[in-house]
Every structure is written in C-alpha cells, then in structure tokens.
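Dear colleague,

I am handing over the structure below, together with a short account of what was found in it. Please read the notes with the coordinates open beside them.

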Amino acid sequence: MINAASRAYLRATTQAVSNSLKPTVLATSQKKPVVVDAALNKDAPLATIVAKTGLQTVSQVRCAHTDLHVPDFSPYRRDAAKRLDRKDDSAESRKAFTYMIVGSGAVGAAYGAKALVTQFISSMSASADVLALAKIEVKLADIPEGKSVTFKWRGKPLFIRHRTASEISAERGVSLGELRDPQSDDQRVQRPEWLVVIGVCTHLGCVPIANAGDFGGYYCPCHGSHYDASGRIRKGPAPLNLEVPAHVFPEDNLLVVG
C-alpha cells in the first residue's frame, strides 16, 4: 500500500520531440496510456512511438532536424556549370590560363634562382684590388745581363734574373745526385737566360740576398742557406729549392707572372 508521502515520487514524464523547438507530446501522468497523433504536428515522425514510464523517470524521443536547408551557391557558380546537360569541360576551357600561370611562375623562379646563384658566387670571388695584384708584367729590356731584380708580387718578393751564358752552362752541368731537391735546370726555366723564382727561403721564410753565397746564386743570412743560379738549394738547412711561379713570355721582351 502506497501512502500519501510516497506519491510525490511516483511521477513519470514522457515526451516525444521531433526537434529542439516543437514538442509533439506534452507531459502525461502515471498509468495513463500515451497516444501520439501525427496529425497534431506535420513534423512528427510517422513510425510508432512507445512511451515508457517509471519511478523518477524522464525519457525523450528525438528525431533528426528537418527544418535545415542546404546552402545555395548558385550565384557564385559559372553559367556553364548551371546547365544540367553540360559536360565536364571546365578543365579544357581553363587549360590555356593554367599553362600561362604555371609558365610565368617557372620563368620567375628560374630568374630568381639565377640571380641568387650569381650573387652568391660573386661574393666569394676576389675583390678588384686582389685581382689587380694577381698578375704582374715585367719589361725584360730593363734588366741587364747578369743582374737580378726584385719585384713585389702578391705580397711576396719576386726574383727575376738575367743569366749569363757562363751561368747557364754551369747550372746545366750540375749532377742531380749532388742536389738535396733534385731538379734539372731545364725543369725550372722556360728560357735559359731568364730565371723567375719567389724570393722566400724554404727554411723559415726569410728573404735571401741575390748574387751572393758560395754558389753565386742566392744566400739567406738568417740561417746560412745557399742557392745556386738556378734557385736550387746547395748548402744549409733549407729543405727545398726556391719556388718557381707560373709565368709566360707573350712577347720577346715581356714577362707575365701569375
């Protein structure tokens, strides 16, 4: 037997709602049948709805929204795309425009890459003042026979010697077995009468004195290295011959070093 105090807890509420705004069935009391008439609301579902009640139970039946509309983008579509019997020929009609855009972008990218690479390579090249010292031209007519003249080339002393016939004969007669750094005289000169060497001692980088020493060539007073008239080390601590730079004779009386 249910007393009056417990009757407040024996209430049940059931709703069948088609969407969030239009309820189809209002609340019903306990032990009364629930009948949903589709004629009450045109948006009500047509299938059978069963409402169940229980102690402190609230149940709802919801259906999908039916009042939402699909957006219409017709004002933004091309006229050719609005025809129902149209063919999918939009790619063909826009092919020339697409090729033009792609071609213009490729040309611009190639030009930009070329400018970038050129600027990068140019930044690593030697400056104008360095290039000016890269080569030196010497007028050989100003150097008398038997004399050695010193020039500055790339921050180093450059010895140019006008050798006599006796010096040429003496240097060519030296046996390679006597040399610490074996090199024949023909390997060190392009013209027999002209010897071109860098005036830096191969021992510790001192500057030798021309027309001096025991062999009549060059002498380094710092540690006593003696070189002959071909720039080859003959006595002293220096391990190698004087360096012969790259040089050419474009004319009979003109020498270009570098």
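**Strands, cysteines, backbone and surface**

In this predicted model, four strands make up an open sheet in the order β7-β8-β9-β10, and their pairing is antiparallel. The edges of that sheet are β7 and β10 (233-235), each of which pairs on one side only. Strand β9, which covers residues 225-228, runs antiparallel to β10 and is joined to β10 by two bridges. Within this part of the sheet, H226 stands opposite K235 of β10.

The cysteines deserve a careful look, since a search of the whole structure finds zero disulfides. For C201, the closest cysteine sulfur is that of C220, and because the two sulfur atoms are 3.9 Å apart, they are too far from each other for a bond, the cut-off for a disulfide being within 2.5 Å. C222 is likewise in no disulfide, the nearest cysteine sulfur being that of C206, at 3.2 Å. As for their surroundings, C201 counts as buried, with 3% relative accessibility, whereas C222 is partly exposed, with a relative accessible area of 46%.

Two backbone angles may also be of interest to you when you go through the loops. As background, most residues other than glycine have a negative phi. R154, however, is a residue other than glycine with a positive phi, near 55 degrees, and R154 is found in the loop that links β4 (148-153) and β5 (156-162). With a relative accessible area of 49%, R154 is classed as partly exposed, since that class ends at 50%, over which a residue is called exposed. The second case is N211, which is not glycine either and has a positive phi near 55 degrees; N211 sits in the loop between β7 (209-210) and β8 (216-220), two strands that belong to the open sheet described above. N211 is partly exposed as well, its relative accessible area being 39%.

Finally, there is a nonpolar patch on the surface, formed by V117, F120, I121 and M124, which together have about 430 Å² of accessible area. Of these residues, M124 is placed in helix α2, which spans residues 95-124. M124 is exposed, with a relative accessible area of 57%, and so falls above the 50% that separates exposed from partly exposed residues.

With best regards

Conventions. Residues are numbered from 1 along each chain as its sequence is written. This is a predicted model: local features need pLDDT of at least 70, side-chain atom pairs count only at pLDDT 80 or more; totals for chains, interfaces and linings use all residues. Side-chain values use heavy atoms; hydrogens and water are left out. Patches are made of residues with over 30% relative accessible area and no salt bridge: like charges are joined within 9 Å, nonpolar side chains (Val, Leu, Ile, Met, Phe, Trp, Tyr) within 5 Å. Accessible areas come from the Shrake-Rupley method with a 1.4 Å probe; for residues, only the protein chains shown count as cover. A salt bridge is a side-chain nitrogen of Lys or Arg within 4 Å of a carboxyl oxygen of Asp or Glu. Buried means under 20% relative accessible area, exposed over 50%, partly exposed in between (1.4 Å probe, protein chains only). Two strands pair if DSSP finds at least two bridges between them.
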